[in-house]
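Subject: Structure handover

Hello,

Here is the structure for you to look at. My notes on what turned up follow below it.

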Amino acid sequence: MRQRKTCFERARWSKFIAIAVFAFAASTARAEPAATLDELIGAVVKIKTQINPEGTTVRRLGRERDGSGILIDAGGLVLTIGYLMVEAYAAEIITNDGHTVPATVVGYDNDTGFGLLRAIEPLRAKPLPLGRAADVKVHDVAVVASGGGPNMVSAVTIVSKREFAADWEYLLDEALFTAPPHPEWSGAALISHEGKLVGVGSLMVGDAAGNKDGTPGNMFVPIDALLPILGDLIADGRPTGPGHPWLGMNTEETRGQLVVSRTTRGGPAEKAGINRGDVIVTVNGEAPKGLADFYHKMWSKGNAGDVVAIELLHRHSLEKLEIKSMSRLDHLKLKSSF
């Protein structure tokens with residue numbers, strides 16, 4: 001019975017892929033000859049990175065990382081999810097035909113989670129045009145492609161568009177959630193039925209639909225968030241401006257409470273004496289209603305470098321702390337000495 005179900009699922013998703021590819025070809029044909037599947041996904045490449053051994057992300061993400069990236073211009077600019085390349089001192093790009101090209105680190109943005117690399121020689125692939133995640137609707141059929149060619153392409157459905165908050169001081173006003181899950185989601189391309197890039201793969205999630213029905217899927221960072229910062233990333237390696245206050249702590253919602261699960265070594269929270277298990281009660285004098293609200297309240301009162309007032313329960317005692325925040329980017333080893 002399980003085998004029959006698996007075969008049925010494969011046939012169903014193969015049909016969806018065919019429908020999506022047909023739509024890509026039809027939309028492309030309006031302006032130029034219809035694109036083949038290989039041409040449509042040729043811009044999606046594999047990436048491998050080597051990370052600065054002194055980097056602050058090594059303990060959680062490792063010194064060697066690999067995933068996917070998307071060629072977005074003719075000059076070899078490759079967009080990926082930032083955790084694959086943050087603090088990297090060396091990188092390489094592998095095209096679907098097995099061609100390996102060294103790459104340089106261009107830029108990283110902590111707020112969106114985007115990262116940019118640039119191949120040092122032509123990739124012999126056509127860039128994937130950028131679309132608009134705002135135009136994508138729930139229930140739309142799309143395609144997810146990771147590096148590796150046609151075998152790494154699968155059809156998905158957009159099952160929700162909603163705010164997303166993560167425990168590492170990360171918040172998106174609106175993320176794209178798809179199902180079924182893609183096995184190689186990191187840096188994968190979410191491609192609309194128009195054949196355009198609308199999102200970059202970030203996470204595997206257990207509740208993609210957001211209604212607590214346990215639907216597994218993936219979260220994608222919407223491409224719309226790239227355009228406002230693209231020029232800064234190319235020119236300076238980071239967005240201009242001070243950025244949000246960063247404390248360097250992971251916070252989880254547990255039984256209606258915001259509980260600190262870890263602090264970053266050398267970060268503001270650790271220096272202020274915040275410990276694992278502490279419960280956040282107020283931030284800047286206000287009680288947060290949840291993780292997303294905690295970030296909204298922390299960020300609304302100032303920029304990186306400003307003081308954040310935190311009231312917390314530590315071993316059943318109420319403590320009040322005033323923590324001088326910083327920019328997350330200033331805590332990373334973005335300029336390697338290698």
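A 2.8 Å polar contact runs between the side chains of Thr57 and Arg65. Keep in mind that this is a predicted model.

Thr57 has a second such link. Its side chain also makes a polar contact with the side chain of Glu87, at 2.6 Å. Thr57 sits in the loop that connects β1 (44-51) to α3. Is Thr57 buried or exposed? Its relative accessibility is 7%, and the cut-off for buried is under 20%, so Thr57 counts as buried. Beyond its neighbours within four places in sequence, Thr57 contacts Ile51, Gly62, Arg65, Val86, Glu87, Arg328 and Leu332.

The pocket

Thr57 also belongs to the lining of the largest pocket. That pocket holds about 720 Å³ of space. Its lining comprises 30 residues. Those nearest the centre are Thr57, Arg60, Leu61, Trp168 and Arg328. Which elements supply at least two lining residues each? They are α3 (58-61), β11 (197-205), β13 (249-254) and α7 (328-331). The largest share comes from α3, with 3 residues. By class, the lining splits into 12 nonpolar, 12 polar and 6 charged residues.

Aromatic pairs

The whole structure contains 5 aromatic pairs. One of them joins Phe294 and Tyr295. The centres of these two rings are 5.7 Å apart, and the planes meet at 40°, which makes the pair tilted. Phe294 and Tyr295 are both buried. Elsewhere in the list of rings, Phe164, Trp168, Tyr170 and Phe177 are linked by ring pairs into a cluster. Trp168 appears in the pocket notes too, among the residues nearest the pocket centre.

Val307

Val307 lies in strand β16, which covers residues 307-314. How does Val307 rate for accessibility? With a relative accessible area of 48%, it falls between the 20% and 50% cut-offs, so Val307 is partly exposed. Val307 and Ile323 are 16 residues apart along the chain, and their C-alpha atoms are separated by 5.3 Å. Ile323 is also one of the residues that Val307 touches. The others are Asn284, Glu322 and Lys324, again leaving out residues up to four places away in sequence.

If you start with one site, the notes on Thr57 and the pocket go together: Thr57 is buried, and it is listed among the residues nearest the pocket centre.

Best wishes

Conventions
Residues numbered from 1 in each chain as written. Predicted model: local features only at pLDDT ≥ 70, side-chain atom pairs only at ≥ 80, totals over all residues. Heavy atoms only, no water. 1 Å grid on protein atoms, 1.4 Å probe; cavity = no way out; pocket = protein on both sides within 12 Å on 5 of 7 lines; lining within 4 Å. Points joined across faces, edges and corners; volume = space filled by probe spheres on them. Helix = DSSP H or I, 4+ residues; strand = E, 2+ residues; numbered from the N terminus. Nonpolar A, V, L, I, M, F, W, Y, C, P; charged D, E, K, R; others polar. Buried < 20%, exposed > 50% of the residue type's maximum accessible area, 1.4 Å probe, protein only. Polar contact = N/O pair within 3.5 Å; in protein donor to acceptor, adjacent residues only side chain to side chain. Contact = heavy atoms within 4.5 Å. Phe/Tyr/Trp six-rings, centres within 6.5 Å; stacked < 30°, edge-to-face > 60°.
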